[in-house]
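Opening my notebook on this one. I'll put the structure in first and then jot down what I looked up.

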Amino acid sequence: MSELILQVPITEERPWLVFGACRQVESDLFFPASKAQELEALRICATCPVRDECFAHAIESREAYGVWGGTTEKQRRRLLRRTA
Ligand code: SF4
(Lines give C-alpha, C1' and ligand atoms only; values in the text may rest on other atoms or scores of the structure.)
Protein backbone atom coordinates (compact mmCIF):
# COMPACT_ATOMS: atom_id res chain seq x y z
CA MET A 1 0.00 0.00 0.00
CA SER A 2 1.37 3.43 -0.89
CA GLU A 3 1.50 6.19 1.67
CA LEU A 4 -0.61 9.29 1.04
CA ILE A 5 1.21 12.41 2.12
CA LEU A 6 1.03 16.11 1.38
CA GLN A 7 3.45 17.44 -1.19
CA VAL A 8 4.02 20.61 0.83
CA PRO A 9 2.79 21.72 4.24
CA ILE A 10 -0.33 23.82 4.58
CA THR A 11 0.76 27.15 6.02
CA GLU A 12 -0.80 30.56 6.66
CA GLU A 13 0.49 31.61 3.25
CA ARG A 14 -1.14 28.62 1.55
CA PRO A 15 -4.50 27.98 3.29
CA TRP A 16 -6.11 27.07 -0.03
CA LEU A 17 -3.88 24.02 -0.25
CA VAL A 18 -6.32 22.16 1.95
CA PHE A 19 -8.62 22.03 -1.10
CA GLY A 20 -5.90 21.00 -3.54
CA ALA A 21 -6.52 18.01 -5.77
CA CYS A 22 -2.94 16.90 -5.01
CA ARG A 23 -3.80 16.19 -1.36
CA GLN A 24 -4.77 12.63 -2.21
CA VAL A 25 -1.74 11.91 -4.35
CA GLU A 26 1.77 10.76 -3.54
CA SER A 27 4.01 13.77 -3.15
CA ASP A 28 6.71 12.58 -5.57
CA LEU A 29 4.35 13.05 -8.49
CA PHE A 30 4.48 16.83 -8.09
CA PHE A 31 8.26 16.80 -8.03
CA PRO A 32 8.45 14.56 -11.08
CA ALA A 33 11.40 12.47 -12.10
CA SER A 34 9.98 11.69 -15.52
CA LYS A 35 7.88 13.29 -18.25
CA ALA A 36 5.13 10.75 -17.54
CA GLN A 37 4.96 11.82 -13.89
CA GLU A 38 4.95 15.46 -14.91
CA LEU A 39 2.06 14.93 -17.30
CA GLU A 40 0.11 13.08 -14.63
CA ALA A 41 0.66 15.93 -12.16
CA LEU A 42 -0.51 18.46 -14.76
CA ARG A 43 -3.59 16.32 -15.43
CA ILE A 44 -4.45 16.44 -11.72
CA CYS A 45 -3.85 20.21 -11.58
CA ALA A 46 -6.33 20.64 -14.43
CA THR A 47 -9.08 19.31 -12.13
CA CYS A 48 -8.04 21.34 -9.10
CA PRO A 49 -10.46 23.89 -7.60
CA VAL A 50 -7.63 26.07 -6.26
CA ARG A 51 -5.47 26.08 -9.36
CA ASP A 52 -5.56 29.87 -9.76
CA GLU A 53 -4.50 30.46 -6.15
CA CYS A 54 -1.76 27.88 -6.49
CA PHE A 55 -0.47 29.40 -9.72
CA ALA A 56 -0.45 32.90 -8.21
CA HIS A 57 1.45 31.61 -5.20
CA ALA A 58 4.01 29.82 -7.39
CA ILE A 59 4.69 32.97 -9.38
CA GLU A 60 4.72 35.36 -6.42
CA SER A 61 7.01 33.20 -4.32
CA ARG A 62 9.04 32.04 -7.31
CA GLU A 63 8.65 28.36 -6.54
CA ALA A 64 11.64 26.94 -8.37
CA TYR A 65 10.83 23.26 -8.16
CA GLY A 66 7.89 21.05 -8.92
CA VAL A 67 4.50 21.35 -10.55
CA TRP A 68 2.38 24.16 -9.10
CA GLY A 69 -0.89 25.61 -10.35
CA GLY A 70 -0.84 23.62 -13.55
CA THR A 71 2.64 24.71 -14.56
CA THR A 72 6.01 23.03 -14.67
CA GLU A 73 9.14 24.65 -13.31
CA LYS A 74 10.33 25.24 -16.87
CA GLN A 75 7.07 27.00 -17.83
CA ARG A 76 7.29 29.26 -14.77
CA ARG A 77 10.91 30.14 -15.48
CA ARG A 78 9.89 31.14 -19.01
CA LEU A 79 6.97 33.23 -17.71
CA LEU A 80 9.14 35.01 -15.16
CA ARG A 81 11.79 35.78 -17.79
CA ARG A 82 9.13 37.27 -20.08
CA THR A 83 7.72 39.49 -17.32
CA ALA A 84 11.12 40.57 -15.93
S1 SF4 B 1 -3.04 23.34 -8.73
FE2 SF4 B 1 -1.92 21.39 -8.71
S3 SF4 B 1 -0.20 21.66 -7.27
FE4 SF4 B 1 -1.67 23.32 -6.92
S5 SF4 B 1 -2.97 22.65 -5.24
FE6 SF4 B 1 -3.97 22.10 -7.16
S7 SF4 B 1 -3.32 20.01 -7.65
FE8 SF4 B 1 -1.93 20.82 -6.08
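Confidence first. I looked up mean pLDDT by element (pLDDT is the predictor's confidence in each residue, from 0 to 100): helix 3, residues 73-83, has the lowest at 95, and helix 1 has the highest at 97. Helices here are DSSP runs of H or I with at least four residues, strands are runs of E with at least two, and numbering goes from the N terminus.

This is a predicted model, so I kept in mind that local features need pLDDT of at least 70 and side-chain atom pairs count only at pLDDT 80 or more, while totals for chains, interfaces and linings use all residues. Residues are numbered from 1 along each chain as its sequence is written.

For the protein chain I noted a mean pLDDT of 88, with 88% of its residues at 70 or more. Over residues 1-6 pLDDT stays under 50, and the model has six contacts beyond four places in sequence for that stretch. A contact means two C-beta atoms, placed from the backbone, within 7 Å.

Next, the fold. I counted three helices and zero strands in the protein chain, in the order α-α-α from the N terminus. Taking contacts between residues at least 6 apart in sequence, I found that 37% join residues at least 24 apart.

Burial next. My cut-offs were 20 or more other C-beta atoms within 10 Å for buried, 12 or fewer for exposed, and partly exposed in between, with C-beta atoms placed from the backbone. Of the 84 residues in the protein chain, 17% count as buried.

Then I went to the ligand. Which residues come nearest to the ligand? I wrote down Gly20, Cys22, Cys45, Cys48 and Cys54, out of 15 residues around it. Near means a C-beta atom, placed from the backbone, within 6 Å of the molecule. Helix 1 (35-45) and helix 2 (51-60) each give at least two residues to this shell. By type, the shell splits into 11 nonpolar, three polar and one charged. For that split, Ala, Val, Leu, Ile, Met, Phe, Trp, Tyr, Cys and Pro are nonpolar, Asp, Glu, Lys and Arg are charged, and the others, Gly among them, are polar.

On to the core. I looked for nonpolar cores, meaning sets of buried Ala, Val, Leu, Ile, Met, Phe, Trp, Tyr and Cys residues joined through C-beta atoms within 7 Å. The largest has nine residues: Cys22, Phe30, Ala41, Cys45, Val50, Cys54, Ala58, Val67 and Trp68. Helix 1 and helix 2 each supply at least two of them. In soluble globular proteins, nonpolar side chains tend to be buried together.

I stayed with Cys54, which sits in helix 2. It counts as buried because it has 25 C-beta neighbours inside 10 Å. Leaving out residues up to four places away in sequence, Cys54 touches Gly20, Cys48, Trp68 and Gly69. Cys54 and Trp68 are 14 residues apart in sequence, yet 6.1 Å apart C-alpha to C-alpha. With that same sequence cut, Ala58 touches Glu63, Trp68, Gly69, Thr71 and Arg76.

Also in helix 2, I checked Ala56. Ala56 is partly exposed because it has 14 C-beta neighbours inside 10 Å. Its C-alpha lies 7.6 Å from that of Gly69, 13 residues away along the chain.

Last, two spots further along. Arg62, in the loop between helix 2 and helix 3, has a positive phi of about 50° without being a glycine. Most residues other than glycine have a negative phi. Arg62 is exposed, with 9 other C-beta atoms within 10 Å. Lys74 is in helix 3 and is exposed, since it has 9 C-beta neighbours inside 10 Å.
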